[in-house]
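Work through the exercises below with the sequence and the model side by side. Try each task before reading its solution.

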Amino acid sequence: MEAAMAAINAVTDFSVEGDIGVVTLNSPPVNALSAAVREGLAGAFDAAIADAAVKAIVLICEGKTFIAGADITEFGKAMTGPSLQDVQNTIENSPKPVIAAIHGTALGGGLEVALVANYRVAVPSAKAGLPEVNIGLLPGAGGTQRLPRIVGVEKALEMVTSGQHVPAKAAHAMGLFDELVEEGKLREGAIAFAKTVLAENRPLNKVRDLSEKVEAARGKPEIFEAFRKANAKKFRGFMAPENNIKCIEAAVNLPFDEGLKAERKLFMELMTGSQSAAQRYVFFAERQAAKIPDVPDDTATIPVKKVGVIGAGTMGGGIAMNFLNAGIPVTIIEAKQENLERGVGVIRKNYENTAKKGRLTQDDVEKRMALLTPSMEMEALADCDMIIEAVFELMEIKKEVFTKLDKIAKPGAILATNTSYLNVDEIAACTSRPESVIGTHFFSPANVMRLLELVRGDATSKEVIATCMKLSKTIGKVPVLVGVCYGFVGNRMLAQRQREAQKLILEGAMPWDVDRVLYDFGLPMGPFAMSDLAGLDIGWDPAKTSSSTVREVLCEMDRRGQKNGKGFYDYDENRNAKPSPVVEEVIRDFAEKRQIQRREITDQEILERCLYPMVNEGAKILEEGKAIRASDIDIVWINGYGWPVYSGGPMFWGELVGLDKVLAKMKQFHAELGDDFKPSALLERLVAEGKGFKDA
């Protein structure tokens with residue numbers, strides 16, 4: 001029989017059922033550990049401990065989840081109410097057994113609260129994890145010290161450095177959860193478990209006192225060495241994974257309280273550093289990108305139940321896979337039978353390879369392929385709700401396709417062009433319905449890359465924009481809405497970097513110098529390694545060759561990149577690159593013919609000349625209204641071009657460097673090297689007013 005129910009505060013209730021006290025949190029949407037939640041927990045546990053009728057305490061949450069983490073909006077603000085550590089101490093030192101009852105997700109601080117309970121029960125659909133690493137942090141409330149004591153060092157390392165959400169069944173198997181109770185009956189299950197604990201007089205286990213699993217790793221530094229080595233590529237440049245690893249080492253080698261001190265120190269190092277600030281900024285920026293100021297949230301959307309894709313090449317096939325993965329039927333069109341068969345074959349092969357790795361079942365492969373209808377007739381697109389053109393990047397061809405489409409597509413269908421550079425308004429003008437036309441710039445490989453640049457034409461309707469933003473999420477993309485200009489946001493800024501890279505190798509640097517500097521900065525690869533990977537002969541026409549660039553000269557020498565083992569670099573049979581003496585000579589000869597006086601170029605100059613013009617171009621893009629916010633530009637660069645998330649994207653990074661420094665350098669380069677470095681008016685204004693991009 002339930003006795004009195006007392007409200008501790010607006011988000012916490014305490015009730016007594018027989019001899020079990022039940023503390024209930026209800027702070028939508030995710031019961032985050034705000035000041036009110038911490039206050040409520042402290043008050044409720046004090047009440048439960050003081051109540052003589054209560055013999056055991058259950059902590060449970062209302063809504064869709066257990067505590068899903070810290071309240072990230074409180075970061076950097078003055079602390080009010082009890083600290084999380086105060087609350088944890090109250091729970092951990094309770095003289096009565098405490099059972100955490102988990103549904104939804106117990107994440108970050110939420111799992112750290114569950115870890116100070118004596119026992120944890122969960123429903124089968126629950127998940128637990130410590131995802132702080134994803135915002136450049138580590139669990140700062142004892143998570144790194146308690147977790148390895150309960151699940152062991154190897155599992156703890158994996159969890160804290162990946163941030164993975166571990167499903168209940170696996171969490172139970174590793175000892176993190178003590179019992180799984182029936183789905184939908186968490187409260188009854190947790191109370192029954194508490195009664196069993198009392199009936200069997202089970203001990204007040206404290207996770208902090210468990211030592212067996214950490215002792216097993218003591219004196220075995222090779223566990224940590226092997227883990228660091230196995231993940232070196234993934235962790236490159238990031239501070240947070242390394243600090244997380246050091247915390248687990250502390251859990252193994254130090255007494256618990258000393259370990260807590262080490263965790264605190266390593267946490268503060270991250271919390272006050274620029275990497276976590278950048279990663280938290282990106283976390284919010286991605287959500288912000290979904291908000292379009294003049295397209296309200298309640299804008300009507302067009303139901304997209306069937307999609308057409310024109311072109312079954314690499315791009316078209318990849319685009320089709322996104323929709324097939326989401327269970328949306330696709331009709332794919334090619335002009336030639338053999339191209340159609342090859343394209344469909346590649347899609348199947350991609351799925352088969354994923355199935356071989358165990359990430360899909362053979363049944364999934366067949367289900368997805370069954371949603372695909374190949375055809376050579378444009379008329380087959382007549383019943384599609386959205387049609388995406390992915391043909392060759394030539395305006396004449398695209399116009400021809402859209403003129404035909406206009407006659408075939410049903411009224412209200414969205415007509416999209418997958419273009420990287422071309423003017424969407426010019427393409428839309430070939431139709432009688434420019435309001436239905438939008439640019440969908442997918443990044444290659446289109447079935448893998450997360451970014452989708454949505455290009456808004458002058459006439460694109462709000463319904464079309466709202467539909468494409470929503471649909472992007474359905475197919476697992478991060479959409480960013482941009483305006484019409486040559487190269488849009490991403491490629492327009494990339495052109496600045498590419499131009500300077502080409503100039504630098506004539507002035508005195510070598511391709512491998514430029515690549516090394518940009519790789520060390522944190523980019524996945526430099527521009528010349530990238531060219532070799534893509535193929536130097538992309539867009540090169542042997543019939544029109546004029547030896548006008550180093551790349552053309554290399555193509556004429558049949559140096560095509562990785563595909564034939566020689567490009568800017570020489571490659572061995574395993575595609576390992578090494579600097580090419582042949583290329584060095586080509587560059588020196590080319591510079592001499594152009595009467596360019598070569599000189600010593602520092603790494604600093606390479607970095608500044610490649611990256612500062614990108615920040616400047618981003619400012620011009622904002623000035624012209626081609627991007628809504630600076631953070632949208634950063635999301636484009638992080639998700640489309642591999643800009644390191646720990647420096648927040650080019651615009652955030654420009655502010656880290658200092659916009660005044662960027663401007664001063666741009667002015668210097670402008671004076672020495674000409675108009676390519678002309679500073680943006682917005683950059684000049686912001687520096688003059690002492691403001692940042694978010695004030696623009």
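The exercises that follow deal with a sheet, a pair of helices, the nonpolar cores and some backbone features.

The model is predicted, so local features need pLDDT of at least 70 and side-chain atom pairs count only at pLDDT 80 or more, while totals for chains, interfaces and linings use all residues. Residues are numbered from 1 along each chain as its sequence is written, and side-chain values use heavy atoms, leaving out hydrogens and water.

**Exercise 1.** Determine the strand order of the open sheet of 8 strands, and find its edges.

Solution. Strands are DSSP runs of E with at least two residues, helices are runs of H or I with at least four, and both are numbered from the N terminus; two strands pair if DSSP finds at least two bridges between them. Following the pairings gives the order β13-β12-β11-β14-β15-β16-β17-β18, with mixed pairing. The edge strands, each pairing on one side only, are β13 (372–375) and β18 (478–483). At the β13 edge, β12 (residues 330–333) pairs with β13 in the parallel sense over 4 bridges, and Thr-331 stands opposite Thr-373.

**Exercise 2.** Describe how helices α20 and α25 pack.

Solution. Begin with the axes, which are lines fitted to C-alpha atoms over the stretch in contact (heavy atoms within 4.5 Å), with angles running from 0 to 180 degrees between N-to-C directions. Helix α20 (residues 490–507) packs against α25 at an angle of about 155°, and the axes are 8 Å apart. The two helices are therefore roughly antiparallel (an angle over 145 degrees). Among the residues that meet are Ala-501 and Leu-504 in α20, and Ile-606 and Cys-610 in α25.

**Exercise 3.** Which residues touch the most other members of the largest nonpolar core?

Solution. Such a core is a set of buried (under 20% relative accessible area, 1.4 Å probe, protein chains only) Ala, Val, Leu, Ile, Met, Phe, Trp, Tyr and Cys residues joined through side-chain atoms within 4.5 Å. Among its 93 residues, Val-514 and Phe-693 touch the most other members. Helix α25 (residues 603–623) provides the largest share, 10 residues. A separate second core of 77 residues includes Val-16 and Ile-60.

**Exercise 4.** Locate the cis peptide bond before Pro-445, and describe the phi of Asp-558.

Solution. The cis bond joins Ser-444 and Pro-445, with omega about -5°, and Pro-445 lies in the loop between β16 and β17 (451–456). Asp-558, although not a glycine, has a positive phi of about 65°; this residue is in the loop between α23 (550–556) and β19 (569–571).

Terms used
Buried < 20%, exposed > 50% of the residue type's maximum accessible area, 1.4 Å probe, protein only. Parallel < 35°, antiparallel > 145°, perpendicular 65-115°, else oblique.
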